[in-house]
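The exercises below ask you to read a protein model step by step. Each task is followed by a worked solution that can be checked against the display.

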Amino acid sequence: MFKAKVLVIGPSESGKTVLANFLSDTTETVGGEYNPTQGVRILEFESQSDGSTDQDSACEVELWDCAGDFKFESCWPAIMKESCGVVIVFNPDIPSHLKEIETWHSLFVSSQGLQEAQCLLVAHHKPGSAAEDARLPLASHLSRLSLVRSNLEDEPEDVRRAFCRYLGKIVDTLSESREREEMSILT
């Protein structure tokens with residue numbers, strides 16, 4: 001069974017904790033009073049990874065719910081260590097988030113040399129907001145990433161299925177990396 005350390009990052013008040021709690025089945029309630037994450041929370045759970053070419057599609061997931069406040073920036077190198085995926089969560093109803101996710105991508109994805117398949121963009125709509133299906137004005141390097149529109153009130157299982165497909169890509173990447181490592185030992 002593969003173990004995947006996945007970081008959940010993005011601007012403050014974008015819904016990272018709500019999404020992380022939902023994906024890990026930590027809580028069933030959506031909404032509530034805003035309480036900013038201090039540093040990082042680590043949620044551990046098992047999940048099926050859809051679409052993986054690996055026969056064992058079960059995956060141990062460490063979901064690292066990272067604070068969106070830059071005052072924790074000094075902790076980020078330690079948080080990034082040995083991560084194999086990044087989920088960038090933003091609220092498309094807040095115009096500044098579209099620009100901020102470029103910074104998050106640069107700091108957490110580009111700096112680690114992660115592949116596009118190892119990154120997932122989540123446009124998270126808060127409860128009660130009018131979720132639009134309009135095309136988001138993303139920067140060109142971000143528009144190549146998988147994008148999931150998250151509305152946990154109306155379509156929660158769509159979000160879970162999209163995350164499981166993303167985990168499948170992570171498992172494939174880990175499997176390929178393991179195979180390369182084994183081949184280098186043999187040669």
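**Exercise 1. Locate E82 and E13, describe their backbone geometry, and decide whether each is buried, partly exposed or exposed.**

Solution. We begin with E82, which sits in the loop that connects helix 2 (76–80) with strand 4 (85–90). Its phi is positive, at about 65 degrees, although E82 is not a glycine. For the exposure, the cut-off needed is that a residue counts as exposed when its relative accessible area is over 50%; E82 reaches 68% and is therefore classed as exposed.

The next step repeats this for E13, whose place is in the loop between strand 1 (2–9) and helix 1. E13, also not a glycine, has a positive phi of about 60 degrees. With a relative accessible area of 39%, E13 is partly exposed.

**Exercise 2. State what kind of model this is, and find where confidence in the chain is lowest and where it is highest.**

Solution. The model is predicted, and a careful reading starts from its confidence values. Over the chain the pLDDT averages 88, and 90% of the residues score at least 70. Broken down by element, the lowest confidence belongs to helix 5 (residues 156–186), with a mean of 86, whereas strand 4 has the highest, at 98.

**Exercise 3. Write the order of helices and strands along the sequence, and then the order of the strands in the sheet.**

Solution. The inventory comes to 5 helices and 6 strands, and following the sequence gives the pattern β-α-β-β-α-β-α-β-α-β-α. In space, the 6 strands form an open sheet with the order 2-3-1-4-5-6, and the pairing is mixed. The edges are held by strand 2 (40–48) and strand 6 (146–150); each has a single partner strand, so one side of each is left without a neighbour in the sheet. From one strand to the next, the twist averages 25 degrees.

The pairings can then be followed across part of the sheet. Strand 1 and strand 4 run parallel and are joined by 4 bridges, with V8 having V87 as its bridge partner in strand 4. Strand 4 in turn pairs with strand 5 in the parallel sense over 5 bridges, and here V87 stands opposite L120. Strand 5 (residues 119–124) is also linked to strand 6 by 5 bridges, again in parallel, and L121 faces L147 across this pairing.

**Exercise 4. Which residues of strand 4 are buried on one side, and which on the other?**

Solution. Before turning to the strand, note that 48% of the 187 residues of the chain count as buried. For strand 4 the count is 6 of 6 residues, so the strand is mostly covered by the criterion of under 20% relative accessible area. Separating the two faces, one side carries G85, V87 and V89, the other carries V86, I88 and F90, and all of these are buried.

**Exercise 5. What is the volume of the largest cavity, and which residues line it?**

Solution. Counting cavities of 30 Å³ or more yields 1, and the largest cavity has a volume of about 50 Å³. Its lining is made of L19, L23, V87, L120, V122, V148, V159, A162 and F163. V87 and L120, already met as opposite residues in the pairing of strand 4 with strand 5, thus recur in this lining. Assigning the lining to elements, helix 1, strand 5 and helix 5 each supply at least two residues, and the largest share, 3 residues, comes from helix 5. By class, the lining has 9 nonpolar residues, with no polar and no charged ones.

**Exercise 6. Describe the volume and the lining of the largest pocket.**

Solution. The space in the largest pocket amounts to about 470 Å³. Its lining consists of 25 residues, and those lying nearest its centre are G15, T17, V18, Y34 and N35. When the lining is assigned to elements, helix 1 (residues 16–23) gives the most, with 3 residues. The final step is the chemical class: the pocket lining has 7 nonpolar, 11 polar and 7 charged residues, whereas the lining of the largest cavity has no polar and no charged residues.

Conventions:
Residues numbered from 1 in each chain as written. Predicted model: local features only at pLDDT ≥ 70, side-chain atom pairs only at ≥ 80, totals over all residues. Heavy atoms only, no water. 1 Å grid on protein atoms, 1.4 Å probe; cavity = no way out; pocket = protein on both sides within 12 Å on 5 of 7 lines; lining within 4 Å. Points joined across faces, edges and corners; volume = space filled by probe spheres on them. Nonpolar A, V, L, I, M, F, W, Y, C, P; charged D, E, K, R; others polar. Buried < 20%, exposed > 50% of the residue type's maximum accessible area, 1.4 Å probe, protein only. pLDDT = per-residue confidence, 0-100. Pairing = 2+ DSSP bridges. Axes fitted to C-alpha atoms, helices over the stretch in contact; angles between N-to-C directions.
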